[in-house]
Amino acid sequence: MKAFQVIIMAMTGAWVTMGGAVTQAKDVVPGALWPDNHGVHINAHGGGMLVHDGLIYWFGEHKIQGRRGNTAQVGVHCYSSTDLAAWTDRGIALAVSEDPGSDIVKGCVIERPKVIYNAATKKFVMWFHLELRGQGYNAARTGVAVSDTVTGPYRFIHSLRPNAGTWPYDFPEAQKTGPATEEGLKGWTEPWLAAVKAGLFVRRDFKGGQMSRDMTLFVDDDGKAYHFHAAEENLTMHISELSDDYLSFTGKYACIFPAGHNEAPAVFKRKGKYYLLTSGCTGWAPNPARLAVADSIWGPWTALGNPCQGVNPENDLGPEKTFGGQSTYVLPVPGKSDAYIAMFDMWRPRDPIDGRYLWLPIEFTERGPSIRWKTAWNLNLFDQ
Ligand code: DGJ
């Protein structure tokens with residue numbers, strides 16, 4: 001019997017049935033407290049999912065109470081589930097270091113960890129947004145860690161800014177030689193935006209590597225993996241191809257939506273088309289979500305607008321604030337056909353450990369994908 005024969009989402013209520021008839025499906029309650037097997041609210045923010053050997057793994061930022069919880073005091077937390085409903089605490093997959101010389105020393109910033117499995121090397125590879133301790137968000141690096149087992153412990157390899165000394169694969173020849181500083185340009189004016197669109201920051205960061213803040217990973221059907229990251233001062237999203245072992249960059253990359261100010265990327269593929277869900281850049285505060293579509297991962301990407309509809313009655317926030325959330329991952333639901341769940345974080349920067357999770361089904365209508373507010377829903381919805 002396959003573990004995913006029956007999947008029942010549960011965040012409240014008493015039971016889940018596996019592998020048999022569905023007699024009752026428990027509801028997802030977006031924004032509610034979500035207890036793990038110890039009755040403790042799940043602590044895996046900015047998370048990502050990995051489906052492996054019949055289990056679903058959820059990796060995310062372990063937060064602590066109070067403002068200090070916005071820095072990494074513990075590491076990356078892992079949970080597992082057979083049904084997306086009941087989550088078992090699997091401990092800390094990647095721990096911060098006590099060594100002041102380590103890039104991941106306690107007090108650094110570790111955000112949006114994502115784990116993928118490399119079938120050829122049989123290694124689990126975790127990438128995450130890393131900010132060095134005491135440097136605010138200036139380092140803008142990505143970090144990579146590896147493990148032989150899914151739950152870890154993951155061994156930190158290094159952090160870097162991607163694609164040093166390499167131009168985007170389709171970067172116009174003429175743009176390789178323009179100005180590489182903002183001198184003489186006033187921020188957020190038309191000339192400044194035009195200069196950003198014409199590759200100002202790509203040139204500035206050419207030597208040291210491109211910035212990498214909010215990120216995600218996407219593995220295509222052919223096993224090729226891609227690292228999406230907010231680059232160029234969060235102005236432009238970069239798509240960087242990973243090496244066959246997923247541990248480094250090949251140097252092939254593209255810049256999409258130049259000066260479009262996208263972060264919080266979440267990527268999925270449906271019926272041969274690639275979708276990219278993002279937000280704008282307003283710190284921890286919510287803003288409107290955006291969706292884009294492409295026939296090739298390398299583009300061209302077409303903006304589809306804001307896929308959200310409805311209002312979250314708990315906070316009166318609708319599409320203009322993504323119901324109070326910000327995207328982190330889209331999960332194709334294992335065992336269900338054409339079923340996708342959009343996952344958002346509801347940040348609580350004053351008490352990050354209390355951050356909530358907004359999971360909503362994606363509906364595919366004639367007008368395109370739509371994410372409608374639901375106060376409660378369950379996986380039976382995908383069978384209708
Ligand atoms: C928005 C990002 O999406 C989060 O991951 C985090 O980096 C905050 N900004 C920090 O303000």
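1. Which residues lie nearest the centre of the largest pocket? They are F218, V219, D220, Y329 and P332, out of 24 lining residues. A pocket here is an open set of points on a 1 Å grid over the protein atoms alone, where a 1.4 Å probe fits, with protein on both sides within 12 Å along at least five of seven lines; lining residues have an atom within 4 Å of a point.

2. Before going on: this is a predicted model, with local features needing pLDDT of at least 70 and side-chain atom pairs pLDDT 80 or more, while totals for chains, interfaces and linings use all residues. Numbering runs from 1 along each chain as its sequence is written, and side-chain values use heavy atoms, leaving out hydrogens and water.

3. Back to that pocket: its volume is about 560 Å³, and β1 (45-52), β5 (109-118), β9 (215-219), β13 (263-270) and β18 (326-332) each give two or more residues to the lining.

4. The second largest pocket holds about 340 Å³. Of its 19 lining residues, N312, N315, G324, M346 and R348 come closest to the centre.

5. Now the largest nonpolar core (buried Ala, Val, Leu, Ile, Met, Phe, Trp, Tyr and Cys joined through side-chain atoms within 4.5 Å; buried is under 20% relative accessible area with a 1.4 Å probe, protein chains only). It has 40 residues, and W58, W87 and W359 touch the most other members. Among the contributing elements are β2 (55-61) and β20 (356-361), but β19 gives the most, six residues.

6. There is also a second, separate core of 23 residues, including V76, A93, C108 and F156.

Key. Points joined across faces, edges and corners; volume = space filled by probe spheres on them. Helix = DSSP H or I, 4+ residues; strand = E, 2+ residues; numbered from the N terminus. Buried < 20%, exposed > 50% of the residue type's maximum accessible area, 1.4 Å probe, protein only.
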